[in-house]
Each structure stands twice: as structure tokens, then as C-alpha cells.
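The exercises below ask the reader to work from the sequence and the coordinates towards a reasoned description of selected sites. Each task is followed by a solution that goes step by step.

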Amino acid sequence: MQLRHGYDFSEYAPASLKRRVQQLVRSHATGTISELNRRVLHEEGFVTRVIEGLSVPVSEMFRDPLVFRALRDKVLPVLASYPEINIWQAGCAHGQEVYSLAILLEEAGLYDRTRIYATDFNDAALQMASEGIYATRDARDWSRNYLEAGGLHSFSDYYSARYEFIKLDQRLRRNVTFFNHNLVTDEVFCEAHLILCRNVLIYFNNALQDRTLGLFRDSLVRGGFLCLGTRENVDFSPSAATFGDVDNALRIYQAGATAGRPLAR
Ligand SMILES: C[S@@+](CC[C@H](N)C(=O)[O-])C[C@H]1O[C@@H](n2cnc3c(N)ncnc32)[C@H](O)[C@@H]1O
């Protein structure tokens, strides 16, 4: 898989990877891992289905609402001092966090000077993310998340509903670029003021988490922010010295700051 298609899973945390490979063997009725491997090597397009199976593109709008409230209250006021704002959302799955960020920025009056780079290594997930269509049954929970995150309007102002689907307002997509970027093999591509990468590092072993944090460190401007998932942190990594806490419990860090003393601009 690595030699033929360039995907390298050797530094993923073994337990969850094993579960997902077993699931793939079952769902594609290949019977064995070596048969799965044979199809990856020789069957046109099969690798895309395997990447879909190995990636876990589960997300929600304003997931962990207090994190989005803290971004609104503590991070956006600092970003407001930049004439142009670059945000990298790594591991964007089906795009719910991208649209959540776009709404935050719109409500703070910052969206027109922001570019969001939304990346993932799963092309099918990126396609769904760019369409912004979700199940209506999720909208009620997401509306609650939005209000807990300090939303200023009604979440329903941002979508149109049609039977069992909602479609997010495509104006929210206007400053988003979706593209394939693999955190294992690809490099820095922009100078970011904020990087949001939540619930991705949990799938990596420590060495790969460390490499990824190095990539984020090299991408951030001095004073730029990093937001990880609530079960992830920078503490074990040599890159930890680069990041000061903005909110340790919510895993929001700032490059170049000392713990507890955020940098102003
Ligand atoms: C659980 S989702 C997280 C979605 C969202 N960030 C959130 O917290 O709700 C993990 C995402 O990471 C992506 N991912 C896993 N390994 C990756 C890699 N090496 N490079 C880029 N994305 C990766 C998966 O495709 C999946 O969409």
C-alpha cells in the first residue's frame, strides 16, 4: 500500500488500526488480509475504498461547544489584529468543523479577510465536506452546540432544510479551500494564524504525533494558535516548549507564548 499508493499507516496506533482492518476484511468479504492487500495492489480504485475504511470521518458542528466558545472569546480577538488570517483545519472529515469556524468568523466580522485551508487524506470525505449536506436528524443537537458555543443567531439561519437533509449556506464556503493533504507524508504549505486539528492525533503513535506537531510548529506564525482534541495534548513532545497554554483543559495553545501568559499582538 505504501509503495504502490504512497499511504503509510506504520505509525498509526495499532489497536484501532487493527479493528478497522478487520472491519474492512468483513465488509469487503475478502476473507483474509492478504486478499485485501491483493485487491489494493491490483484493483483499480480499490485503495480509495480502503482509505475510506481506515479513516474515521466522524464529526459534528461545534463539537465540544466550550472549545468553540473559547476560540470566539480568546483567539478571535487576537486574530482580529491581522490584516489577513490563514486557518488550517487538518483532518476536516465531512467538514462540520470547517463550517463551524466559518460561522464563528462571520459572526465576529472577520470572515471576509480569512482563508480556511481544510485538508484530509480521504477524498470521499473531502467531497462530502465541500457539498455541506448533512442529515436533518443531527440539526437539533448541532443547534444546541451552536448556542452553547455562544452563537449569536439561530443555527437554522445557516442552512436550508429539505426532508431528511440540510444544506449549509454555500456563502459559508466562499473562503474555504478543500484539498488532500496527508499529515504523514506531506509538508508545510502555508503560514497559519490558527491550526485546528482535533481528534486526529489520537490515531497516531507518539513518534507520528511528534512529527505532526513539528509540522504545525513550522506552519504557525509566532503567536499563532493550535487547537487539538480534548483527548490530545503537546506535553510529551519535544515541540511542547514551543507552545504555551491559552486554555490547557480545552487544548488551545499559542506558539511562542509562556504557559498562562498569552502573547498579545
Ligand atoms: C475523527 S475525524 C476528526 C474530524 C474533526 N476534526 C473532529 O474532530 O470532529 C479524523 C479525521 O482525520 C483524518 N485523517 C486520519 N489520518 C490522516 C492523515 N494521515 N492525514 C490527514 N488526515 C487524516 C481522517 O480521514 C478523518 O477524517
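**Exercise 1. Classify the two partners of a salt bridge within a helix, and place them along that helix.**

Solution. Begin with D141, which has a relative accessible area of 38% and is therefore partly exposed, since the partly exposed class lies between the limits of 20% and 50%. Next take R144, which at 47% relative accessibility also counts as partly exposed. The structure is a predicted model, and in it the side chains of D141 and R144 meet in a salt bridge with an N to O distance of 2.7 Å. Finally, place the pair: D141 and R144 lie three residues apart in helix α8 (residues 139-148), so about one helical turn separates them.

**Exercise 2. Find which salt bridges tie together parts of the chain that are 134 and 173 residues apart in sequence, and state how accessible their partners are****.**

Solution. The total for the model is 11 salt bridges by the rule used here. In one of them, the side chains of D64 and R198 meet at 2.4 Å, N to O. Because D64 lies in the loop between α4 and α5 while R198 lies in the loop between β7 (192-197) and α9, this pair ties together parts 134 residues apart in sequence. As for accessibility, D64 is partly exposed at 28%, whereas R198 is buried, with a relative accessible area of 3%.

The second bridge joins the side chains of D247 and K74, with an N to O distance of 3.1 Å. Here D247 belongs to strand β9 (residues 243-247) and K74 to helix α5, so the pair ties together parts 173 residues apart in sequence. D247 counts as buried at 16% relative accessibility, while K74 is partly exposed at 39%.

**Exercise 3. Describe how domain 1 and domain 2 meet, beginning with their bounds and ending with the polar contacts between them****.**

Solution. First, the bounds: domain 1 covers residues 2-54, and domain 2 is made up of 65-131 + 174-255. Their centres, taken over C-alpha atoms, are separated by 28 Å, and the contact draws on 11 residues from domain 1 and 12 residues from domain 2.

Second, the area: about 1100 Å² is buried between domain 1 and domain 2, with 59% of it on carbon and sulfur atoms. On the side of domain 1, Y7, E11 and Y12 supply 47% of the area buried against domain 2, more than any other three residues.

Third, the polar terms: the rule finds zero salt bridges across the interface of domain 1 and domain 2, although two residue pairs are in polar contact there. Helices α2 (14-27) and α4 (46-54) each supply at least two residues of the side of domain 1 that touches domain 2, and the residues of that side divide into five nonpolar, two polar and four charged.

**Exercise 4. Determine whether S55, L215 and Y111 are buried or exposed, and set out the surroundings of each****.**

Solution. S55 is placed in the loop between α4 and α5 (65-79), and with a relative accessible area of 10% it is buried. Leaving aside residues up to four places away in sequence, S55 touches R20, F121 and N122, and a polar contact of 2.8 Å joins its side chain to that of N122.

L215, in helix α9 (residues 206-219), is buried at a relative accessible area of 5%. With the same exclusion of residues up to four places away, its contacts are W88, H181, L183, D186, E187 and V188. H193 is 22 residues from L215 along the chain, and their C-alpha atoms are separated by 14 Å.

Y111 occupies the loop between α6 (96-107) and β2 (114-120), and its relative accessible area of 0% makes it buried. Beyond four places in sequence, the residues that Y111 touches include A102, L105, I116 and L172. A polar atom of the Y111 side chain lies 2.6 Å from the backbone oxygen of L172.

Note on methods: Residues numbered from 1 in each chain as written. Predicted model: local features only at pLDDT ≥ 70, side-chain atom pairs only at ≥ 80, totals over all residues. Heavy atoms only, no water. Domains from an automatic or database assignment. Contact = heavy atoms within 4.5 Å. Buried area = accessible area lost by both parts, 1.4 Å probe. Salt bridge = Lys/Arg side-chain N within 4 Å of Asp/Glu carboxyl O. Polar contact = N/O pair within 3.5 Å; in protein donor to acceptor, adjacent residues only side chain to side chain. Helix = DSSP H or I, 4+ residues; strand = E, 2+ residues; numbered from the N terminus. Nonpolar A, V, L, I, M, F, W, Y, C, P; charged D, E, K, R; others polar. Buried < 20%, exposed > 50% of the residue type's maximum accessible area, 1.4 Å probe, protein only.
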